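Please walk me through this structure in the viewer, one selection at a time. For each stop, tell me what to pick and what is found there.

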Amino acid sequence: MNLDKLRLLGSGFTEEEYRLYHFDRLPDIKAAMQYLSHRRNHQIYRPAVNRGAQQHTLEDKWVTQLFLSGLSIPVARTWGLYHPGFGATIDGAAFRTPEDVAAVLGPHLPLRLILKPRGGRKGRNILRADLHPAADGGIGVTVDGAELSLAAFLETLPDDAFGDYDGNYHGWLVQDCLRQHEFLDRINPHTINSMRVVTFIAADDTIGVHLAALRLGRAGGVADNWDRGGLSVAIDVGTGTLGQGLAKPRYGGAWTSVHPDTGERFEGRQLPEWPRVLEVCRRAAAAFSGIRAVGWDVALTPDGPVIIEGNATWGLPVVQVHTKGYLTPEVRAELARHGAYFPEEPPSVPRALLALLGYQWQRSRGPGLLQSIHARLRRPTSGG
């Protein structure tokens, strides 16, 4: 390992981040410190800017949908929360049994629905189901080419949220599968392709947009999640113009200007209704003013932008990879107002070695040492 790489790994970056941000190609190692590492994001950035308990509201997709829709902020149509013990529709009717579900959905067939865990994360366990009248007079469900009765389909759903957020959110959100704008459908019709828009409420309470990216799914997928092989595409925040797309290193990590499944070119094209996208995200951010930094997932439909969900613990790499680093002088100055300081140079080799030993110790048994190291590294100094 060369000494520059050792110093960067000792400053908090992982091997994957080193490859993703191409730190080996930087002419000056100091330029890497403009990037925010996942470790410092988790240990310094988030605790400083998202301090309040309001952030946990966003973990609960059911509550978020009800709250935003109550403020007339556009969200996907939600039929209810299905759960054998706690299920309910948005009108408060029971949504706990196959009979309850049939009574609510039956009059509206056929339907294409998305089911997602109430407290799920990273696109895990999302299901797409087509509901239609069955020959026996009931409701049939098509999932991944398999035909099931409604009762059999619901029986396959676990009762909880698979342990995300300590398994404290019960049930499945049942929503209409959104129709996306033809602009995005031509690029990739295989999934709904959402935008990640990061809003930030500054110390003077103005709401800005720090970062944005378009996520494109792949053929055979249900979600557009970057962790599952999708592309992250740069968005110019000022104009809505698309840049190049990138897969994660474990999926090839190649930059591209066209979608690999459709061959449709996206680089240089402007997203429709970009000003409306920004306006909807700012409205949503104002509704959750106790959380300064939120990553909003937004779908673009024929009727305009729709909020899919908000994330207080939004993934940083999917948007930062399209920049020269999130920690610009302007962002650093704003974060300092909230007590978040980041070094401008990597640590010396001895300090980097000590930090790496601390990381290894934390993974095995001792978090206290690592916390002590980071307390020293986060001091607002620029020395090595």
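Select Glu16 and Arg250: their side chains meet in a salt bridge, with 3.3 Å from N to O. The two ends are far apart along the chain, since Glu16 belongs to helix 2 while Arg250 sits in the loop between strand 11 (242-246) and strand 12 (255-256), 234 residues apart. Glu16 is partly exposed, with a relative accessible area of 29%, whereas Arg250 is exposed, at 51%. The model is a predicted one, and a search of the whole structure finds 14 salt bridges.

**Helices 1 and 2**

Next, pick Lys5 and Glu15. Their side chains form a salt bridge with 3.0 Å from N to O. Lys5 is in helix 1 (residues 3-10) and Glu15 in helix 2 (residues 15-20), so this pair ties together parts that are 10 residues apart in sequence. Is Lys5 buried or exposed? Lys5 has a relative accessibility of 18% and counts as buried, because buried means under 20%. Glu15, at 34%, is partly exposed.

Keep Lys5 selected and add Tyr18. Lys5 lies over the face of Tyr18, at 4.9 Å from the ring centre. From Tyr18, extend the selection to Phe13, Tyr21, Phe23 and Tyr35: together with Tyr18 these residues form one aromatic cluster.

For another charge over a ring, go to Arg39 and Tyr359. The charged end of Arg39 sits over the ring of Tyr359, 3.8 Å from its centre.

**Two aromatic pairs**

The structure holds 11 aromatic pairs. Select Phe67 and Phe288, whose ring centres are 5.1 Å apart and whose planes stand at 75 degrees, so the pair is edge-to-face. This pair links distant parts of the chain: Phe67 is in helix 4 (residues 61-70), and Phe288 is in the loop between helix 8 (274-287) and strand 13 (293-301), 221 residues apart. Phe67 is partly exposed, with a relative accessible area of 34%. Phe288, at 2% relative accessibility, counts as buried.

Move on to Trp314 and Tyr326. These two form an aromatic pair that is edge-to-face, with 6.5 Å centre to centre and 85 degrees between the planes. Trp314 lies in the loop between strand 14 (304-311) and helix 9 (317-320), and Tyr326 in the loop between helix 9 and helix 10 (329-336), so the pair ties together parts that are 12 residues apart in sequence. Both Trp314 and Tyr326 are buried.

**The sheet**

Switch to a cartoon view and colour the strands. In what order do the seven strands form an open sheet? The order is 12-11-10-9-8-13-14, and the pairing is antiparallel. Strand 12 and strand 14 are the edge strands, each pairing on one side only.

Within the sheet, select strand 9 (residues 207-216) and strand 10 (residues 231-235). The two strands run antiparallel and are joined by four bridges. Show Arg215 next; its bridge partner in strand 10 is Ser232. Arg215 also takes part in a network of salt bridges that links it with Arg196 and Asp297, so add both of those residues to the view.

**Around Ser257**

The last stop is Ser257, in the loop between strand 12 and helix 8. Ser257 is buried, with a relative accessible area of 14%. What does Ser257 touch, leaving aside residues up to four places away in sequence? Its contacts are Gln244, Glu264, Arg265, Phe266 and Glu267.

Two of these contacts, Glu267 and Arg265, deserve a separate selection. The side chains of Ser257 and Glu267 are joined by a polar contact of 2.3 Å. Glu267 also forms a salt bridge with Arg265, the closest N and O atoms being 3.6 Å apart. That distance qualifies because a salt bridge is counted within 4 Å. Glu267 is partly exposed, with a relative accessible area of 27%, and Arg265 likewise counts as partly exposed, at 46% relative accessibility.

Technical notes. Residues are numbered from 1 along each chain as its sequence is written. This is a predicted model: local features need pLDDT of at least 70, side-chain atom pairs count only at pLDDT 80 or more; totals for chains, interfaces and linings use all residues. Side-chain values use heavy atoms; hydrogens and water are left out. Buried means under 20% relative accessible area, exposed over 50%, partly exposed in between (1.4 Å probe, protein chains only). Rings of Phe, Tyr and Trp (its six-membered ring) pair if their centres lie within 6.5 Å; planes under 30 degrees apart count as stacked, over 60 as edge-to-face and the rest as tilted. A charge sits over a ring if NZ of Lys or CZ of Arg is within 6 Å of the ring centre and within 35 degrees of the ring normal. A polar contact is a pair of N or O atoms within 3.5 Å; within protein, one must be able to donate a hydrogen and the other to accept it, and residues adjacent in sequence count only if both atoms are side-chain atoms. Contact means heavy atoms within 4.5 Å. Two strands pair if DSSP finds at least two bridges between them.
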